[in-house]
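I opened my notebook to get to know a structure that was new to me. Here is what I looked up, entry by entry.

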Amino acid sequence: KKTVIMITHDIAEAISLADKIIVLSKRPGRIKKIYNICLTNKSTPIENRKTKEFSTYYDSLWKDIDINV
């Protein structure tokens with residue numbers, strides 16, 4: 001029953017490690033969306049990237065981070 005707050009810009013890392021991901025808006029930073037990550041057969045970070053839900057979370061998060069390249 002411990003909580004760890006990890007800040008990362010790596011979407012795949014966040015999905016494969018976290019139970020919850022909070023997406024912040026541009027400045028001023030506000031909570032834009034909260035994702036509860038539910039992966040089937042959650043295991044190691046490498047194995048978590050192979051789950052069927054991983055790509056769905058990845059695509060949704062990518063759209064929410066508002067990066068204009």
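The entries below go from the core to the surface and then to the salt bridges.

**Entry 1: the model.** I noted at the start that this is a predicted model.

**Entry 2: the core.** Which residues have the most contacts inside the largest nonpolar core? I found Ile15, Ile21, Tyr35, Ile37, Tyr57 and Leu61, in a core of 13 residues. I then looked up where the core comes from: helix H1 (11-17), strand S1 (20-24) and helix H3 (54-64) each supply at least two of its residues. H1 gives the most, with four residues. I added a reminder for myself: in soluble globular proteins, nonpolar side chains tend to be buried together.

**Entry 3: one core residue.** I picked Leu61 and asked what it touches, leaving out residues up to four places away in sequence. My list reads Ile11, Ile15, Ile21, Val23 and Tyr35.

**Entry 4: a nonpolar patch outside.** Next I turned to the surface. Ile22, Leu24, Ile31 and Ile34 make a nonpolar patch there of about 390 Å². S1 and strand S2 (31-36) each supply at least two of the patch residues, and S1 also supplies at least two residues of the core. I checked Ile34 by itself: this residue is in strand S2. Ile34 has a relative accessible area of 44%, so I wrote it down as partly exposed, since exposed would need over 50%.

**Entry 5: salt bridges.** How many salt bridges are there? I count two.

**Entry 6: Asp19 and Lys42.** In one salt bridge, the side chains of Asp19 and Lys42 meet at 2.8 Å, N to O. I traced both ends: Asp19 lies in the loop between H1 and S1, and Lys42 in the loop between S2 and helix H2 (45-48). The pair therefore ties together parts that are 23 residues apart in sequence. I also looked up how open each end is. Asp19 is exposed, with a relative accessible area of 56%, whereas Lys42 is partly exposed at 36%.

**Entry 7: Glu47 and Lys50.** In another salt bridge, Lys50 pairs with Glu47, and their closest N and O atoms are 3.2 Å apart. Lys50 is exposed at 59% relative accessible area. Glu47, at 38%, counts as partly exposed.

**Entry 8: looking back.** For my own memory, I kept three things: a nonpolar core of 13 residues, a nonpolar surface patch that draws on S1 and S2, and two salt bridges.

Technical notes. Residues numbered from 1 in each chain as written. Predicted model: local features only at pLDDT ≥ 70, side-chain atom pairs only at ≥ 80, totals over all residues. Heavy atoms only, no water. Core = buried A, V, L, I, M, F, W, Y, C linked by side-chain atoms within 4.5 Å. Buried < 20%, exposed > 50% of the residue type's maximum accessible area, 1.4 Å probe, protein only. Contact = heavy atoms within 4.5 Å. Patch = residues over 30% accessible without salt bridge, like charges linked within 9 Å, V, L, I, M, F, W, Y side chains within 5 Å. Areas by Shrake-Rupley, 256 points an atom, 1.4 Å probe, with all protein chains shown as cover. Salt bridge = Lys/Arg side-chain N within 4 Å of Asp/Glu carboxyl O.
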